[in-house]
Amino acid sequence: MKFISTRGDAPALSFEEVVLAGLASDGGLYVPELLPSFSQTEIASWAGLSYQDLAFKVIQPFVDGEISDADLTDIIAKAYEGFRHPAIAPLVQTDHNEWVLELFQGPTLAFKDFALQFLGHLLDFILAKRQQKVAVLGATSGDTGSAAIEGCRRCDNIDIFILHPDQRVSEVQRRQMTTVLADNVFNIALQGNFDDCQNMVKASFRDQSFLPDGRQLVAVNSINWARIMAQIVYYFYASLALGGPHRPVSFAVPTGNFGDIFAGYLAKQMGLPIEQLVIATNANDILHRCISANDHSKHALHQSLSPSMDIMVSSNFERLLFDLYGRQGAEIQRLMSEFESGTMRLDEKVLSHARSLFSSYRLDDADTLAIIRQVYEESGYLLDPHTAIGVAAARATRRQHDTPMVCLATAHPAKFPDAITQALQSVDGTTAVEPALPSHMHDLFVREERYTVLENDIASVHEFINQALD
Ligand SMILES: *Cc1c(COP(=O)(O)O)cnc(C)c1O
């Protein structure tokens, strides 16, 4: 399969090349030249498959001719063996015809494990074949870093460097990263904010001359195609469990960079009957403003109770726009240069197409706390603040109550104990409920940590990386 850039001006790449590539040379994102699609009969024949067997069916067409069936089976098996629940992505019912899809059963308790466990093993396989070693470099404000580290810690051909803003991630999030003591894992606490971390990563990708000979950087952020691809699987899995493809299913997705929900859109394009796709945002609501009012403008970052969705611009939205603009790279180039001013407007036709595909909703912190409490009182089920936004958005925008609504649960509530405690503070001020960490993490707070604090200076960071790789 060939992959092309959304800006139409970069060489087409093979699957393996695209996994290693990150951004295209024209600044665009890679997408498949032709999306595979499945008939209803074929999808129906997958009912009852295990998560892993279903993942094989969905992913195989993308890697056909490059990765053998046996190797793909092996990569998928390794990717999901560390999940705590045998269903991998279990469904829990929270209301009549409303379900939560628990995507937090992986090692770091957030849905990013689905993509990053897979990506780590995939990269290691590709690199072994090419007899190549790479350095993964990323910046994190929380969930991505730990999921990337867990995905790469056992990889022979990868060293991983994750920058987080010193003193500005939660203790659970920091410890999930810094207590991984593998030799190929390097945590850097940068004396700056998340933007400083991200800018440093971007600059390092632009000029990689600081690396030892023969090394290259690989990005594992959500623009990596393999991450999106791995996330398509659970849309099929949930639908099949709820009577699909014979009946349509709807999904509500807590959205930041538009990676997760874009995978849902792809599942639909590949033949899965999906009725509604709900974009759920927190106060960082650029996507909701865009869909509801054609206002795609950059606002200041707002720190919310759902920090993994605190973004100003959703990078994967460009992949959707590429489709909506008839896959004309020149149109996307024009839009993106318009957006350099901080704002852009979509064509009316494009906007109405987008509205036919997606509903959208925005929730502030107070309403996030309210829905956590409401669902807990109704059903005894504890939502994390990200998932809560999805559930509230689903309830507010739902059109057909006889279509099952699946709310993607993107994190375990124990990752965000402060929000839960606030939400369940009872009228008399006492808290009855504190979400417990799963047993494999019970000793997280006493484990040994390892990380290096560096000043906010690119030369220091480069020197550190260079020495570590020597
Ligand atoms: C990353 C993340 C999101 C947002 O996912 P996108 O693919 O960036 O839209 C939502 N919830 C949690 C818990 C996350 O870690």
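# A guided tour, starting at Leu301

Start by selecting Leu301: setting aside neighbours within four places in sequence, this residue is in contact with Asn284, Asp310, Ile311 and Met312. Keep in mind as you click around that this is a predicted model.

Leu301 sits in the loop between strand S11 (296–297) and helix H12 (317–324). Is Leu301 buried or exposed, or something in between? Its relative accessibility is 44%, so Leu301 counts as partly exposed. Now add Asp285 to your selection and draw a C-alpha to C-alpha distance from Leu301: you should get 10.0 Å, for two residues 16 apart in sequence.

**Zoom out to the whole chain**

Switch to a cartoon view. The protein chain has 18 helices and 15 strands, and its C-alpha trace spans about 60 × 55 × 50 Å along the principal axes. For 470 residues, a compact globule would have a radius of gyration near 23 Å, and the 21 Å of this chain agrees with that.

Next, turn on the surface. Its accessible area is about 18200 Å², with 47% belonging to carbon and sulfur atoms. Beneath it, buried residues make up 59% of the 470 in the chain. The fold also brings together distant stretches of sequence: of the contacts between residues at least 6 apart, 74% join residues at least 24 apart.

If you colour by charge, you will find 36 positive and 58 negative side chains. The centres of these two sets lie 3 Å apart.

**Select Leu217**

Go to strand S8 (residues 216–218), where you will find Leu217. With a relative accessible area of 3%, Leu217 is buried. Which residues does Leu217 touch, not counting those up to four places away in sequence? Show Leu20, Ala135, Leu137, Ser204, Phe205, Gln208, Phe210 and Leu211 as sticks to see them. For a longer view, draw a line from Leu217 to Cys407: the C-alpha atoms are 35 Å apart, and the residues are 190 apart in sequence.

**Select helix H6**

Now pick residues 143–152, which form helix H6. This helix is mostly covered, with 9 of its 10 residues buried. Those buried are Asp143, Gly145, Ser146, Ala147, Ala148, Ile149, Glu150, Gly151 and Cys152. What lies over them? The cover includes two helices, H5 (112–130) and H7 (171–178), along with strands S5 (134–139), S6 (158–165) and S7 (185–191). Try showing H6 as sticks and those five elements as cartoon.

**Finish with the aromatic rings**

Select the aromatic side chains. Across the whole structure there are 23 aromatic pairs. One of them is Phe38 with Phe236: the ring centres are 6.0 Å apart and the planes meet at 80°, so this pair is edge-to-face. The pair links distant parts of the chain, with the two positions 198 residues apart in sequence numbering. Phe38 belongs to the loop between strand S2 (30–32) and helix H2 (40–44), whereas Phe236 is in helix H9 (residues 225–241). Both rings belong to buried residues: Phe38 has 9% relative accessibility, and Phe236 has 0%.

For the last stop, select Tyr51, Tyr80, Phe83, Phe114, Tyr234, Tyr235, Tyr237 and Phe251 together. Ring pairs link these residues into a cluster.

Terms used. Residues are numbered from 1 along each chain as its sequence is written. This is a predicted model: local features need pLDDT of at least 70, side-chain atom pairs count only at pLDDT 80 or more; totals for chains, interfaces and linings use all residues. Side-chain values use heavy atoms; hydrogens and water are left out. Helices (H or I, at least four residues) and strands (E, at least two) are DSSP runs, numbered from the N terminus. The radius of gyration is taken over C-alpha atoms; the globule rule is 2.2 Å times the number of residues to the power 0.38. Buried means under 20% relative accessible area, exposed over 50%, partly exposed in between (1.4 Å probe, protein chains only). Contact means heavy atoms within 4.5 Å. Accessible areas come from the Shrake-Rupley method with a 1.4 Å probe; for residues, only the protein chains shown count as cover. Lys and Arg count as positive and Asp and Glu as negative; His and the chain ends are not counted. The place of a charge is taken as NZ of Lys, CZ of Arg, CG of Asp or CD of Glu. Rings of Phe, Tyr and Trp (its six-membered ring) pair if their centres lie within 6.5 Å; planes under 30 degrees apart count as stacked, over 60 as edge-to-face and the rest as tilted.
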